[in-house]
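Biologist: I should like to go through this model with you, one element at a time. Please show the sequence and the structure before we begin.

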Amino acid sequence: MFPREYRGVAFVVGLFLAVQLGALALVPEFAESGYQAVENPDDPTNSVVYVLAILVMTGVMLAAFKYNFDGAIRLLIVGTSAWLSWYVFSALVSPLAAAVPAAAVGVGLLVYPEWYVIDTAGVLMGAGAAGLFGISFGLLPALILLAFLAVYDAISVYGTEHMLSLAEGVMDLNIPVVLVIPLSLSYSLLEGGEEETGESGESDGDSDENGGDSGESGADDDEREADVGDPTPMEERDAFFIGLGDAVIPTVLIASAATFSPAAGLAVPLVGVNLPALLAMVGSLAGLLVLMSWVIKGRPHAGLPLLNGGAIGGYLIGSVVAGVPLADALGLASFL
């Protein structure tokens with residue numbers, strides 16, 4: 001029997017694969033349905049607009065937690081989860097019929113936000129968001145987005161540490177902004193499991209202090225504290241958490257590569273994928289394994305530098321192997 005921390009890592013990899021493969025399966029349906037959010041997906045200013053939206057939303061959420069508007073944030077995220085789930089289900093059934101399971105996702109999060117409800121909603125939300133952004137961000141905007149957010153994540157975790165404060169507030173809400181990784185079959189998020197957040201954090205049902213997200217915070221039932229410096233062994237944890245954004249952001253490049261790369265498609269059942277997209281997946285998962293090796297040691301870390309770096313590196317290698325000129329791979333051909 002493998003140690004439970006390795007079973008937890010396998011579970012994380014499974015969730016990431018579900019988001020990535022789900023996004024790839026949705027991309028053709030989304031494109032055919034006209035869900036592309038911008039008129040020109042190759043315009044690099046699309047990334048700037050999205051980054052500004054992230055900064056504004058981060059500020060709004062921090063202010064909401066400071067002034068006790070947590071309930072409004074919870075309702076916003078639950079509503080967003082149901083909305084993105086509708087996009088996913090509408091790829092399978094009629095838009096009207098898709099409203100029923102999408103509403104069920106929202107109700108489940110409000111009424112019974114156990115860890116498996118949150119993870120299910122997170123996978124649906126992540127696949128839908130990555131698919132929508134993947135068809136809306138051409139190769140250059142996607143690369144700019146991943147590079148910027150990798151740097152921003154590192155600064156916000158190791159520098160300003162405001163991501164830790166954000167994680168503290170989010171962890172109390174039981175919403176699919178994080179994916180919950182139980183390390184024991186008896187773990188329950190609703191029945192007293194004390195949580196840690198995470199781009200890569202952990203949870204300990206016995207300890208009063210917990211570490212954080214893969215750059216974010218740990219928590220106790222009564223008081224949630226961010227602590228980047230104090231490691232807690234994984235053997236003492238009941239669960240750990242990883243930010244949903246860690247799964248979504250690199251998957252945007254994967255979906256964009258599958259949509260916009262001139263590389264020939266591969267014969268993979270149910271999903272449309274080419275070599276650049278496939279190796280971007282491999283690279284992101286390699287970065288995830290490195291991240292998890294650090295998390296097992298009990299320290300929170302910023303996830304996107306490793307995950308986005310792996311995705312970008314894998315994508316570029318896949319493009320070169322597939323014979324795509326570098327200018328085309330970088331999305332610069334139309335500007336030269």
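**Patch, helices and strands**

Modeller: Val-107 has its place in helix H4. The model is predicted: local features need pLDDT of at least 70, side-chain atom pairs count only at pLDDT 80 or more, and totals for chains, interfaces and linings use all residues. Residues are numbered from 1 along each chain as its sequence is written, and side-chain values use heavy atoms, with hydrogens and water left out.

Biologist: Is Val-107 buried, partly exposed or exposed?

Modeller: Buried means under 20% relative accessible area, exposed over 50%, and partly exposed in between (1.4 Å probe, protein chains only). The relative accessible area of Val-107 is 49%, so this residue is partly exposed.

Biologist: Which helix gives the largest share of the nonpolar patch?

Modeller: The patch covers about 660 Å² and is made by Leu-75, Val-107, Leu-110, Val-111, Tyr-112, Tyr-116 and Leu-190. Patches take residues with over 30% relative accessible area and no salt bridge, joining like charges within 9 Å and nonpolar side chains (Val, Leu, Ile, Met, Phe, Trp, Tyr) within 5 Å; a salt bridge is a side-chain nitrogen of Lys or Arg within 4 Å of a carboxyl oxygen of Asp or Glu. Areas come from the Shrake-Rupley method with a 1.4 Å probe, and for residues only the protein chains shown count as cover. The largest share, 3 residues, comes from helix H4 (residues 95–111).

Biologist: Within what arc do the buried residues of H2 fall?

Modeller: Helices (H or I, at least four residues) and strands (E, at least two) are DSSP runs, numbered from the N terminus. The buried residues of H2 are Asn-46, Ser-47, Tyr-50, Val-51, Thr-58, Met-61, Ala-64 and Phe-65. They line one face of the helix because, seen down its axis (directions from the axis to the C-beta atoms), they fall within an arc of 150°.

Biologist: Which residues are exposed on the other side of H2?

Modeller: H2 is followed by Asn-68, whose phi is positive, near 60°. On the side of H2 away from the buried residues, the exposed ones are Val-49, Val-56 and Lys-66.

Biologist: Which residue in E3 stands opposite Pro-182?

Modeller: In strand E1 (residues 178–182), 5 of the 5 residues are buried, so the strand is largely enclosed by the rest of the structure. E1 runs antiparallel to strand E3 (residues 239–243), with 5 bridges joining them; two strands pair if DSSP finds at least two bridges between them. Opposite Pro-182 in E3 stands Ala-239.
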